[in-house]
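Visitor: Please give me a close look at the largest pocket, and then at one helix pair.

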Amino acid sequence: MRKKVVTIVGAGPGIGNHVAEKFGNGNFRVVLISRDQQKLEKYAEELEAKNIETLTVAADAADSDSLTAAFKKIKDQVGVIDVLVYNAAKLVPKKPSELSSQELMDFYQVDVASALHCVQQVLPEQIDQKEGTIIFTGGGFAMYPSAEFSTVSIDKAALRNLALVLAEELKEKGVFVGIVNIMGTVAPETHFAPDLIAEKYLEMYKDRKDSEVFYK
């Protein structure tokens with residue numbers, strides 16, 4: 001039986017790697033994507049020490065061509081990507097009056113447009129097999145925007161709507177789309193610890209019921 005594959009765009013010691021571990025412990029082959037190959041290798045070592053089969057591919061979420069090449073490499077090596085988790089974001093404080101239109105678009109590319117681009121890399125195969133899962137990392141700023149964090153407020157709202165319209169479109173094709181809205185600051189050893197939040201991603205994959213959950 002083929003081992004299912006989960007790909008996390010935006011690997012890192014917070015949400016990304018903990019989601020990878022949750023799925024890896026569920027007998028998934030894990031693929032990690034981020035910009036820094038050296039860090040990726042370290043993350044892979046940590047997961048493989050826990051007997052989780054891990055592949056790493058460096059790519060920049062700000063660069064669509066980089067992502068296209070990364071997904072081609074992944075599919076050439078492991079085949080269908082059964083679960084895509086888009087966890088990349090630019091979390092930089094910026095007030096709206098301080099932004100140029102180009103800066104806003106640069107943030108939007110990473111936070112929203114590249115999320116759609118990654119979906120489009122995995123969707124044909126998921127539709128062909130009439131089964132697949134796509135999960136986005138959302139945030140409380142989508143519902144409660146902050147002037148101090150204007151770009152992430154704008155972009156998380158857009159990402160939330162992207163998730164919901166994709167869910168509506170793809171439901172009849174066997175592809176489940178969801179978003180986990182994290183309504184607080186991620187921090188170890190708190191209610192918002194990344195390992196606790198990561199459980200919601202696995203639950204969403206298994207339940208395939210609600211297209212969004214709010215982790216409060």
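**The pocket and a helix pair**

Guide: The lining of the largest pocket divides into 20 nonpolar, twelve polar and six charged residues. Here Ala, Val, Leu, Ile, Met, Phe, Trp, Tyr, Cys and Pro count as nonpolar, Asp, Glu, Lys and Arg as charged, and the others, Gly among them, as polar. The model is predicted: local features need pLDDT of at least 70, side-chain atom pairs count only at pLDDT 80 or more, and totals for chains, interfaces and linings use all residues. Residues are numbered from 1 along each chain as its sequence is written, and side-chain values use heavy atoms, without hydrogens or water.

The largest pocket (an open set of points on a 1 Å grid over the protein atoms alone, where a 1.4 Å probe fits, with protein on both sides within 12 Å along at least five of seven lines) has a volume of about 1,100 Å³. That volume is the space filled by probe spheres set on the points, joined across faces, edges and corners. Its lining (residues with an atom within 4 Å of a point) holds 38 residues, and Asn 87, Ala 88, Ala 89, Lys 90 and Leu 91 come closest to the centre. Two or more lining residues come from each of α1 (15–25), β2 (29–34), α2 (37–48), β5 (132–139) and α5 (150–170). β5 gives the most, three. Helices (H or I, at least four residues) and strands (E, at least two) are DSSP runs, numbered from the N terminus.

Now the helix pair. α3 (residues 64–78) packs on α4 (residues 101–128) at about 30°, with axes 10 Å apart. So α3 is roughly parallel to α4, as angles under 35 degrees count. Axes are lines fitted to C-alpha atoms over the stretch in contact (heavy atoms within 4.5 Å), and angles run from 0 to 180 degrees between N-to-C directions.

Conventions. Parallel < 35°, antiparallel > 145°, perpendicular 65-115°, else oblique.
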